[in-house]
Each structure stands twice: as structure tokens, then as C-alpha cells.
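User: I've got a model open on my screen and a handful of questions about it. Could you walk me through them?

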Amino acid sequence: MRQKAVTKAVTKAVTKAVHNAGINKPASCHTFRHSFATHLLEQGTDLRTIQELLDHQDVTTIEIYTHVISRYTTGVKSPLECLVQVAK
């Protein structure tokens, strides 16, 4: 029962943060998990490590992200990545 209360509280906090940030697209805790996995793959993290971090039982679940990346990767860096490189 305690886990459900924590999950509900986190979900409510994320929903509120998304609203307060003015994000008009659907976003949830799962959205952040998906983004985290995608960014890890883009940085070259191996699938097994991502599987462990996200606590997935089957690596095929993680392999979905490789298709997303190969479809949308253009080699273009975000402005934030450029700022980080300049700061170093």
C-alpha cells in the first residue's frame, strides 16, 4: 500500500511540474524514463547497463530505443550540448 502512495505522489508532482513549466504536450514519469534511456543510448551506454538501470527483465524492451534513435538521429547537436563544450 505504501508503494502505491509514493507512486501516486510522484505522478502528481510530475504532472504539476509539467503544467507549471507550460509544457502543452503529454508528459509523465514514463516519458522521463524513456528520455533517460534514449539519452543514455545516444551517449554510447550499452544496452545491458540501461536494462539494469531501468530494471527491465528482458533486453528486448530496451532494444525499442535503438530503433527510435536510428530513425531520428541526424548527427545534429542541441544548443545545450554546444554550450557545455564551450564551457569546458
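User: Let's begin in the middle of the chain: is Q51 buried or exposed?

Analyst: A word on the model before that: it is a predicted one, where local features need pLDDT of at least 70 and side-chain atom pairs count only at pLDDT 80 or more, while totals for chains, interfaces and linings use all residues. Residues are numbered from 1 along each chain as its sequence is written, and side-chain values use heavy atoms, with hydrogens and water left out. Here buried means under 20% relative accessible area, exposed over 50%, and partly exposed in between (1.4 Å probe, protein chains only). Q51 has a relative accessible area of 7%, so Q51 is buried.

User: Which residues is Q51 in contact with, leaving aside its neighbours within four places in sequence?

Analyst: Q51 lies in helix α3; helices are DSSP runs of H or I with at least four residues, strands are E runs of at least two, and both are numbered from the N terminus. Contact means heavy atoms within 4.5 Å. With the neighbours within four places set aside, the partners of Q51 are H56, Q57, D58, V59 and I62.

User: On which side of α3 do its buried residues sit, the same or opposite?

Analyst: The buried residues of α3 are I50, Q51 and L54. They cover an arc of only 105° around the axis, where the arc is that of the directions from the helix axis to the C-beta atoms. That arc puts them on the same side of α3.

User: How many salt bridges does the structure hold, and which side chains meet?

Analyst: The cut-off is a side-chain nitrogen of Lys or Arg within 4 Å of a carboxyl oxygen of Asp or Glu. The structure holds one such pair. Its partners are four residues apart in helix α3, so about one helical turn separates them. At 3.6 Å, N to O, the side chains that meet are those of E52 and R48.

User: How do E52 and R48 each count, exposed or partly exposed?

Analyst: E52 has a relative accessible area of 53%, so E52 is exposed. R48 comes in at 47%, so R48 counts as partly exposed.

User: Which residue just after α3 takes a positive phi of about 60°?

Analyst: Most residues other than glycine have a negative phi. The one you're after is not a glycine, yet its phi is positive. It sits in the loop between α3 (47-54) and α4 (59-72), and at 60% relative accessibility it counts as exposed. Just after α3, that residue is D55.

User: What about the ends of α1 and α2: which residues there have a positive phi?

Analyst: α1 is followed by a glycine with a phi near 75°, G22. Just after α2 comes another with a phi of about 95°, and that one is G44.

User: Which residues make up the largest nonpolar core?

Analyst: In soluble globular proteins, nonpolar side chains tend to be buried together. A nonpolar core is a set of buried Ala, Val, Leu, Ile, Met, Phe, Trp, Tyr and Cys residues joined through side-chain atoms within 4.5 Å. The largest one has seven residues: A37, L40, L41, I50, L54, I62 and Y65.

User: Which helix gives the most to this core?

Analyst: α2, α3 and α4 each supply at least two residues of the core. The one that gives the most, with three residues, is α2.

User: Which residues of α2 are buried?

Analyst: α2 (residues 29-42) has 14 residues and reaches 20 Å from its first C-alpha to its last, close to the 20 Å expected at 1.5 Å a residue; the expected span is 1.5 Å times one less than the number of residues. Its buried residues cover an arc of only 160° around the axis, which puts them on the same side of α2. They are A37, T38, L40 and L41.

User: What is Y65 in contact with, beyond its neighbours within four places in sequence?

Analyst: Y65 belongs to helix α4, and Y65 is buried, with a relative accessible area of 7%. Its contacts, not counting those neighbours, are H34, A37, T38, L41 and L54.

User: Zooming out, how many helices and strands does the protein chain have?

Analyst: From the N terminus on, the elements run α-α-α-α-α. Buried residues make up 14% of the 88 residues in the chain. The count is five helices and zero strands.
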